[in-house]
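Visitor: I'd like a close look at one part of this structure, please. Could you take me through the salt bridges and the residues around them, in plain words?

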Amino acid sequence: MTNQIDASELSFDDFKTIVINDYRIAVESRQASLLGRKEVLTGKAKFGIFGDGKEVPQLAMAKAFKNGDWRSGYYRDQTFAFATGIATLKEFFAQLYANPSVEADPSSAGRQMNCHFATRSLNEDGSWKDLTQVKNCSSDIAPTGGQMARLVGLAYASKLFRQNPELDYLKNFSVNGNEVAFGTIGNASTSEGVFFEAINAAGVLQVPMAISVWDDAYGISVPAKYQTTKEDISEILKGFQREEGTNGYEIFKVKGWDYPALCETYQKAIEVCRTEHVPVLIHVTEVTQPQGHSTSGSHERYKDKDRLAWEKEYDCIVQMRNWMIESAIATDEELIQLEDEAKKHVREVQKEAWNEFLESIKEEQAQVINMINAFANGNPMLTKIASQLASTPDALRREVMNAARKAIRQSVHEPSSARDILVKWYQEQAGVNEEKYSSKLFTDGKESPFAVEVVEAIYTENSKMIDGREVLNACFDSNFARDPRLVAFGEDLGNIGDVNQGFAGLQAKYGELRVTDTGIREMTIAGQGIGLAMRGLRPIAEIQYLDYLLFALNVLSDDLASLSYRTKAGQKAPVIVRTRGHRLEGVWHSGSPMAMILGSLRGMHICVPRNMTQAAGMYNTLFRSDEPALVIECLNGYRLKEKLPENVGSFTVPLGKAEILREGTDLTVVTYGSTLRIVEEAAEELEQLGISIEIIDPQTLLPFDTDQVCAKSLQKTNKLLVIDEDVPGGATAFIMQQVLEEQKGYYWLDAQPKTLTAKAHRPPYGSDGDYFSKPSTDDVMEAIYDIMHESNPEKFPKLF
């Protein structure tokens with residue numbers, strides 16, 4: 001690890017020791033990049049992307065990085081990871097080889113590409129560690145610029161910890177808000193919209209966010225003239241520079257090969273950021289990329305000879321080496337010896353990581369070979385499978401499992417006790433591999449929502465009938481009074497209490513730090529929530545309408561939904577994303593894009609409450625648990641009257657528990673949200689026609705009906721209709737798959753299961769547009785009647 005340089009206190013010998021140690025880190029990191037590329041090209045690793053050329057500026061950045069600080073960076077930061085102790089060389093190679101062990105690869109347990117770093121914020125039971133005593137790294141994602149949204153929230157948390165004394169008790173998360181959130185990004189990725197959105201958000205919020213731009217003048221093969229106006233990101237951001245009496249940034253510019261200037265710049269920039277809570281931009285120019293973008297190709301294809309010659313001369317390690325010799329810090333002979341030792345050390349670490357990766361696989365390989373040979377009995381096909389596996393050096397686990405499965409298939413007509421041993425082994429390993437490669441989509445810790453006590457809503461004869469919005473307001477009020485960690489923010493949320501008044505009056509009661517208006521910036525609203533949640537707070541990130549979720553979907557899908565999985569429960573972000581949707585007129589405010597949500601947000605709970613009382617119960621559950629969720633309130637339900645529970649802030653609605661709203665005998669209808677009221681209206685007229693329907697509200701789509709209420713209903717009715725407002729083949733197809741396949745509901749059908757959805761287009765404006773675009777009571781009536789007609793045409797003659 002690197003050490004800070006304080007010229008006022010250090011002797012020359014101490015200074016020399018620090019500089020030489022830094023050079024050693026830089027050289028080892030470069031060797032790791034070079035060797036890592038070879039490991040990919042020889043087939044030991046799948047793909048590689050490395051941080052060569054950025055070693056020296058990352059050393060300088062690491063010197064300013066303290067315990068409690070956070071990094072939200074991108075996949076070029078390996079030297080920074082080594083210099084801060086966030087990762088070791090051995091862990092670097094373990095991740096390159098996709099070792100599925102948390103001990104070998106603490107960042108991702110082999111689930112992420114190399115140079116995607118993360119520290120483990122959680123204990124095994126899902127509880128938080130003391131994050132003030134370690135250097136923290138939020139889990140990297142590969143989408144360029146994607147780290148920026150989360151970075152805003154990580155920095156904003158420090159502001160809340162410093163300015164809200166009610167949070168003083170959270171000693172494990174902050175020391176008076178002194179923590180800086182360090183972000184890194186490549187110059188080309190500053191062209192991404194999320195970069196500009198985050199830069200603006202941090203400037204408005206005035207938070208301790210330090211963003212470093214590694215500028216090597218290219219984005220893969222595309223030069224800066226096609227990337228950035230004026231080819232200079234700090235030049236075009238000059239308008240963000242703060243002036244006396246105004247908020248803004250401090251902007252710094254420094255060359256990436258100038259070790260002394262880099263150390264001085266980072267010390268100055270981070271001191272301002274940390275003490276004054278002013279965001280800073282450090283534009284690191286003249287950076288090189290010696291091996292090109294990745295292992296997919298060579299930069300010689302798109303850089304001319306002059307550029308390549310310049311990069312060789314101004315390689316940051318070369319320049320640091322020259323400066324060390326010129327400054328009498330080290331001789332050429334001393335540095336040659338150091339470089340030779342570094343090469344040897346990195347090679348030894350690489351071999352150790354590779355051998356450890358193969359160790360458990362070789363054991364499985366030997367077991368499978370022996371088990372197949374035990375029942376081969378001269379069968380040439382089985383003998384061939386075993387011999388091929390035996391002759392495969394450095395076999396991967398997939399090759400071992402493939403051989404086992406193939407042998408089981410080839411011997412299916414030759415049962416034996418020896419074969420049974422292999423079958424049993426395979427079945428056991430299937431569970432082991434499920435844990436290795438597919439576990440922890442959710443944290444599943446002691447604060448899981450499924451561990452929250454179910455508390456029924458209490459009503460008395462004096463319980464009031466009020467607007468649904470008032471039920472929500474009372475729920476939020478009660479919980480904000482109970483838990484100071486709760487904060488809410490979004491467009492129009494603060495001063496006016498959101499567009500539907502769920503937060504009316506709560507900013508005046510709890511203050512602007514806890515109930516906050518934001519600009520129109522959905523990506524960083526989501527990111528603000530992620531960063532706050534990763535630092536122990538409980539954010540409600542509001543997206544004003546469900547249609548607008550599209551603007552934040554990249555952040556929610558790439559970052560939040562995958563966080564627990566890609567760290568194997570090493571990190572969590574219990575964000576509640578609040579929005580409203582379904583029934584309303586018009587192309588842009590009537591959205592029900594549920595298939596998009598279900599397909600992209602696995603790793604979040606998707607709650608679709610039918611009214612505001614059910615929504616309040618779901619919020620109460622989520623406030624008491626630690627997993628992320630999306631709650632979609634019914635847009636046309638805020639002014640409908642509901643009875644206010646006496647325990648509005650504490651009753652809970654469990655996730656995944658479907659509810660039968662109306663019992664029936666002829667047909668099962670599964671629907672959710674606003675469509676439920678339409679189905680309930682239709683049920684009355686259907687009863688007059690002699691048709692009894694059972695109406696089921698799944699309440700949450702992820703998870704879906706964990707007690708299999710739908711399949712049990714089908715045992716009685718034998719007919720199924722799924723209804724919603726999504727496009728054809730959307731969420732109804734998901735529900736059908738869950739009921740028929742997962743719950744094996746197809747066993748009980750005696751009629752074709754059907755769906756009733758909105759049209760393939762978005763609804764045109766006006767009530768007529770709604771009627772002809774989304775399921776109406778008439779549509780529901782006729783769809784159900786048609787199914788009954790097909791089943792019993794004599795009793796239910798054709799309507800049309």
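Guide: Here is a walk through the salt bridges, followed by a few stops elsewhere. Keep in mind that this is a predicted model.

Let's begin with the basic idea: side chains of opposite charge can pair when their charged atoms come close. In this structure the count comes to 47 salt bridges, and we'll look at a few of them.

Take K572 and D626, whose side chains meet with 2.7 Å from N to O. K572 sits in the loop between α19 (563-566) and β13 (576-581), while D626 sits in the loop between α21 (612-623) and β15 (629-634), so the pair ties together parts that are 54 residues apart in sequence. K572 is buried, and D626 is buried too.

Next up is R610, which forms a salt bridge with E659; their closest N and O atoms are 3.1 Å apart. This pair also links distant parts of the chain: R610 is in the loop between β14 (605-607) and α21, E659 is in strand β17 (residues 659-662), and their positions lie 49 residues apart in the numbering. Are these two buried or exposed? R610 has 14% relative accessibility, so it counts as buried. E659, with a relative accessible area of 30%, is partly exposed.

Stay with strand β17, because R662 is there as well, and it has a partner of its own. That partner is E684, and the closest N and O atoms of the two are 2.9 Å apart. E684 belongs to helix α22 (residues 675-688), so here a helix and a strand are linked by residues 22 apart. Both ends are partly exposed: E684 has a relative accessible area of 44%, and R662 comes in at 23%.

Salt bridges can join up, too. D498, E542, R578, R580 and E633 are linked in a network of them. Let's zoom in on D498, which is in the loop between β10 and α16. D498 is buried, with a relative accessible area of 0%. Its backbone deserves a glance as well: phi is positive, about 80°, although D498 is not a glycine.

That loop, between β10 (486-490) and α16 (506-510), also holds N500. N500 has a relative accessible area of 17%, and it is buried because that is under the 20% cut-off. What does N500 touch, leaving aside its neighbours within four places in sequence? It is in contact with R469, R580, L635 and Y638. You've met R580 already, as a member of the network.

Now for charges that sit together on the surface. K38, K343, R347 and K351 gather in a patch of positive charge there. Helix α11 (residues 332-376) gives the largest share of the patch, 3 residues. K38 is in helix α1 (residues 12-41), and with 54% relative accessibility it counts as exposed.

Two backbone details round off the tour. A217, in the loop between β4 (209-214) and β5 (218-219), has a phi near 75°, which is positive in a residue other than glycine. The peptide bond from L702 to P703 is cis, with omega near 0°, and P703 is in the loop between β20 (700-702) and α23 (709-717).

Note on methods:
Residues numbered from 1 in each chain as written. Predicted model: local features only at pLDDT ≥ 70, side-chain atom pairs only at ≥ 80, totals over all residues. Heavy atoms only, no water. Helix = DSSP H or I, 4+ residues; strand = E, 2+ residues; numbered from the N terminus. Buried < 20%, exposed > 50% of the residue type's maximum accessible area, 1.4 Å probe, protein only. Contact = heavy atoms within 4.5 Å. Patch = residues over 30% accessible without salt bridge, like charges linked within 9 Å, V, L, I, M, F, W, Y side chains within 5 Å. Areas by Shrake-Rupley, 256 points an atom, 1.4 Å probe, with all protein chains shown as cover. Salt bridge = Lys/Arg side-chain N within 4 Å of Asp/Glu carboxyl O. Lys, Arg positive; Asp, Glu negative; His and termini not counted. Charge placed at Lys NZ, Arg CZ, Asp CG, Glu CD.
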